[in-house]
Amino acid sequence: MSHLPTPRDGANLPALNAPPLVRLDAYVAEDGSTVVNGHLLQMGGTRPPNEAILDAVAMFARTLGAPVAATVIDRTVQQVARLRVYPDGSSRTIGEEDDLPPGRERIAAEEEAFPPLARVERIIQHAQREELHAAYVLASALREHLTLRRGVEDDLSLEARAIEAYMAYLREDYTVSTVLALTVARVRCRTDLQRAAPEVARATAAWQRLWDEGQVVTRGQELLNMWERLLSEGLVQHSSHQAMAHAVRTRLERGSQYLASPSSPPAAALTAAPAPAAPAAPEDKPLKPTRRGLQRFTRRARRTTD
């Protein structure tokens, strides 16, 4: 497919005003697992994630014969990068101010290439084949990008976080599962109490698998606050939810016989007024601001000779 020559600057890099026609996303997990547009890359231990991402996005650009934009969340460096990649394989990073402004236009453009529901189906397929690492990494990538685009409290972002929590549960990573599920429950308790009980129940199910006493007490106290609030509002109707609320209270009361922590109030004191609202997702590690010129995502055009 033919394409017009890409405008260049003096360093043979694409000009900033060359607009991308297609927008993709990529994600690098803390263990180096790499996702591009909802697909886990098979790295083989031979290429660093940034090179694999650039190769994959450049392939899209060559196929389309047009510039491609990409947003990369890289958890190995806690950074988000915005790229423009061109059919000749060259790329440059841009700043937030050079991208589409945040809002519906950007969200629609970024989700058009691979809608979130299609990605959920792929995650489920991996889980059904018991490819739990792949399913978890894809769920993490989906949650990270939806949260970046839409915010923590958006319904799709919350659903993605709940899926990620479940994948972590299936992997028997109960600490991570509890943290993720608690964030969903925390947001629901603050923004939509009518829908909170199932989310608190999911967080409780993961919490019940914890063995670390510090985590049991800290997370359990927050869960008990949530259950007590729901009970006071008459929103705990299901018998299994009532049993879960009782189980949390009982476990904390039994634990208080063995744990003497001056900073941990007894379980009986937790029936008081709800705690002040916490940040939406305090366990999310913040990403560094986007900036231009990140060398690991910058490639110059390959020069050809006749």
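**View 1. Y169 is partly exposed in this predicted model.** Its relative accessible area is 23%. Y174 has a relative accessibility of 17%. Y174 therefore counts as buried, the cut-off being under 20%.

**View 2. Y169 and Y174 form an aromatic pair.** A search of the whole structure finds one such pair. The ring centres of Y169 and Y174 lie 5.2 Å apart. Their planes meet at 65 degrees. The pair counts as edge-to-face because that angle is over 60 degrees.

**View 3. The largest pocket holds about 500 Å³ of space.** Its lining comprises 22 residues. Nearest the pocket centre lie E30, Y136, R143, E164 and V176. By class, the lining residues divide into 12 charged, seven nonpolar and three polar.

**View 4. Helices α4, α5 and α6 help line the largest pocket.** Helix α4 spans 132-150, α5 spans 155-170 and α6 spans 174-191. Each of these helices supplies at least two lining residues. Helix α4 gives the most, with six residues.

**View 5. The whole chain contains nine helices and six strands.** Of its 306 residues, 48% are buried. Among contacts with a separation of 6 or more, 68% join residues 24 or more positions apart. The chain exposes about 15600 Å². Carbon and sulfur atoms supply 54% of that exposed area.

Methods: Residues are numbered from 1 along each chain as its sequence is written. This is a predicted model: local features need pLDDT of at least 70, side-chain atom pairs count only at pLDDT 80 or more; totals for chains, interfaces and linings use all residues. Side-chain values use heavy atoms; hydrogens and water are left out. Helices (H or I, at least four residues) and strands (E, at least two) are DSSP runs, numbered from the N terminus. Buried means under 20% relative accessible area, exposed over 50%, partly exposed in between (1.4 Å probe, protein chains only). Contact means heavy atoms within 4.5 Å. Accessible areas come from the Shrake-Rupley method with a 1.4 Å probe; for residues, only the protein chains shown count as cover. On a 1 Å grid over the protein atoms alone, a cavity is a set of points where a 1.4 Å probe fits but cannot get out, and a pocket is an open set with protein on both sides within 12 Å along at least five of seven lines; lining residues have an atom within 4 Å of a point. Grid points are joined across faces, edges and corners, and a volume is the space filled by probe spheres set on the points. Ala, Val, Leu, Ile, Met, Phe, Trp, Tyr, Cys and Pro count as nonpolar, Asp, Glu, Lys and Arg as charged, and the others, Gly among them, as polar. Rings of Phe, Tyr and Trp (its six-membered ring) pair if their centres lie within 6.5 Å; planes under 30 degrees apart count as stacked, over 60 as edge-to-face and the rest as tilted.
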